[in-house]
Amino acid sequence: MDFGKAKTAYLILSDGTVFKGKSFGKEGTVIGETVFTTAMTGYQETLTDPSYCGQIVTQTFPLIGNYGVNGYDDESDGSAVSGYVVREKCDFPSNFRCEGTIEDFLKKHGIVGIYDIDTRRLTRIIRETGVMNGMVTTEEFVMEEALEKIKGYKAERPVPKVSCKESVKFEAENKKFSVVLMDYGCKHNIRKELVNRGCDVTVMPWNSTAEEVCALNPDGIMLSNGPGDPTDNPEAIETLKKLSEKKIPTFGICLGHQLYALANGASTVKLKYGHRGENQPVTDLGLRRTFITSQNHGYAVLNGSISENVGKVSHVNANDGTCEGVRYTNAPAFTVQFHPEACGGPQDTAYLFDEFIKLMEERK
């Protein structure tokens with residue numbers, strides 16, 4: 001519901017499609033890769049997930065903001081999204097934990113948003129055509145000039161933008177292990193899951209060297225999620241090659257999964273429109289069970305590119321058969337494409353953190 005006249009905003013796609021809507025959040029112009037997430041809840045976690053760096057995020061669920069926002073559910077210290085697209089925003093949220101509205105959040109973090117557009121049509125375009133660049137603007141524009149800017153956009157090396165700049169240590173009450181968390185754009189809940197299991201966690205910048213990691217003598221290494229094309233991070237890949245040889249128990253998530261695969265000779269491929277949302281079915285081939293998972297990625301480890309003497313695929317996406325996990329035989333390591341730490345859920349695969357703890361126990 002609008003009280004007063006909202007300013008007009010436009011979403012322009014690189015194929016020339018234009019959506020006319022209304023502005024919320026910050027006014028201005030932003031360009032990014034236009035993607036969609038099918039999550040019905042967890043919009044605050046989506047907005048604060050660093051993996052969305054450089055992207056214009058579309059929520060397919062029609063009503064966003066109905067339970068407000070708060071100071072606890074952030075998955076990072078800010079927001080890295082380029083723009084935000086919803087069908088309908090809620091100005092009067094109702095929840096006992098609510099501390100503000102979704103519009104308050106966008107204004108606080110300087111996010112350009114657009115609402116009151118047909119997000120179902122937009123989603124169909126992306127599903128049929130594939131992910132494409134777009135622009136959200138509240139300003140006057142010349143179509144030809146706008147399209148030239150949109151088509152020329154590329155998210156250049158987003159990982160350094162969202163990684164911490166220096167190491168930070170978080171201590172557990174009853175320390176059992178010390179873990180290095182390589183920050184490629186990590187979400188807070190990865191660290192929380194480890195601390196809750198008795199791990200002192202040292203969060204280290206994305207470009208930390210193998211020597212710097214080993215100097216801490218960690219019991220395990222955690223590789224975080226993060227944004228962008230994994231092949232844009234040759235320094236991180238080279239570091240993981242060296243760390244793999246040290247035989248330190250390692251657990252990777254999302255971008256960490258892709259980087260570790262590249263470090264072990266595998267290949268990655270860009271998906272047509274990616275997997276983003278909280279309802280992605282993944283089959284654990286070892287357990288012969290299918291779990292519902294939270295995901296946010298546009299790239300995948302290419303099936304068949306993992307050498308048999310390195311490891312084997314452990315999880316697959318039940319929708320399209322893409323690789324969702326690898327268990328390595330050349331090192332005490334396993335990685336998954338999805339988010340077992342997911343907040344706001346689902347948390348069906350949190351057992352993988354327990355497997356990581358067990359792996360460190362066996363090696364200690």
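Start by selecting strands S18 (323-328) and S19 (residues 333-336). S18 and S19 run antiparallel and are joined by 3 bridges; strands here are DSSP E runs of at least two residues, helices are H or I runs of at least four, and both are numbered from the N terminus. Two strands count as paired if DSSP finds at least two bridges between them. The two make a hairpin, with 4 residues between them. Show Arg327 and Phe334 as sticks: Arg327 stands opposite Phe334 in S19.

Before going on, some housekeeping. You are looking at a predicted model, where local features need pLDDT of at least 70 and side-chain atom pairs count only at pLDDT 80 or more, while totals for chains, interfaces and linings use all residues. Residues are numbered from 1 along each chain as its sequence is written, and side-chain values use heavy atoms, with hydrogens and water left out.

**The other side of S19**

Now add strand S14 (residues 250-253), which runs parallel to S19 and is joined to it by 4 bridges. Here Phe251 is the residue opposite Phe334. Are the faces of S19 covered? Put better, which residues of S19 are buried on each side? Ala333 and Thr335 are buried on one side, Phe334 and Val336 on the other; buried means under 20% relative accessible area, exposed over 50% and partly exposed in between, with a 1.4 Å probe and protein chains only.

**Zoom out to the open sheet**

Select the 10 strands in the order S10-S12-S11-S13-S14-S19-S18-S17-S15-S16 and you have an open sheet with mixed pairing. Its edges are S10 (168-170) and S16, each pairing on one side only. Neighbouring strands are turned by 25° against each other on average, direction ignored; axes are lines fitted to C-alpha atoms, for helices over the stretch in contact, and angles run from 0 to 180 degrees between N-to-C directions. At the S10 edge, 3 bridges join S10 to S12 (residues 199-205) in the antiparallel sense, and Phe170 has Val201 as its bridge partner in S12.

**The cores and H9**

Next, colour Met182, Tyr184, Leu240 and Tyr328: in the largest nonpolar core, which has 30 residues, these touch the most other members. Such a core is a set of buried Ala, Val, Leu, Ile, Met, Phe, Trp, Tyr and Cys residues joined through side-chain atoms within 4.5 Å. Its largest share, 6 residues, comes from H9. Leu240 touches Tyr184, Leu223, Leu259, Tyr260 and Ala263, leaving out residues up to four places away in sequence; contact means heavy atoms within 4.5 Å. A second, separate core has 27 residues, including Cys186, Ile190, Cys199 and Met222.

Stay on helix H9 (255-263). Because 9 of its 9 residues are buried, H9 is largely enclosed by the rest of the structure. After H9 comes Gly265, with a positive phi near 90°.

**The barrel**

Hide that part and select S1-S2-S8-S6-S4-S3-S9, a closed barrel of 7 strands with mixed pairing. The average turn between neighbouring strands is 35°, direction ignored. S3 (residues 29-37) and S4 (residues 55-59) pair in the parallel sense over 5 bridges, with Thr34 opposite Ile56. Then add helix H2 (102-109), which lies across S2, S6 and S8 and runs at about 85° to S2.

Gln44 in helix H1 is worth a click. At 2% relative accessibility, Gln44 counts as buried. Beyond neighbours within four places in sequence, Gln44 contacts Gly68, Val69, Asn70, Asp73, Asp74 and Phe105.

**Empty space**

Last stop: the voids. On a 1 Å grid over the protein atoms alone, a cavity is a set of points where a 1.4 Å probe fits but cannot get out, a pocket is an open set with protein on both sides within 12 Å along at least five of seven lines, and lining residues have an atom within 4 Å of a point. Points are joined across faces, edges and corners, and a volume is the space filled by probe spheres set on them.

- The largest pocket has a volume of about 430 Å³. Of its 30 lining residues, Glu33, Gln55, Gly228, Lys270 and Tyr299 are the closest to its centre. S15 gives the largest share of the lining, 5 residues.
- The largest cavity has a volume of about 140 Å³. Of its 20 lining residues, Thr46, Asp49, Lys187, Glu278 and Ser294 are the closest to its centre. H1 (43-47), S15 and S16 each give two or more residues to that lining.
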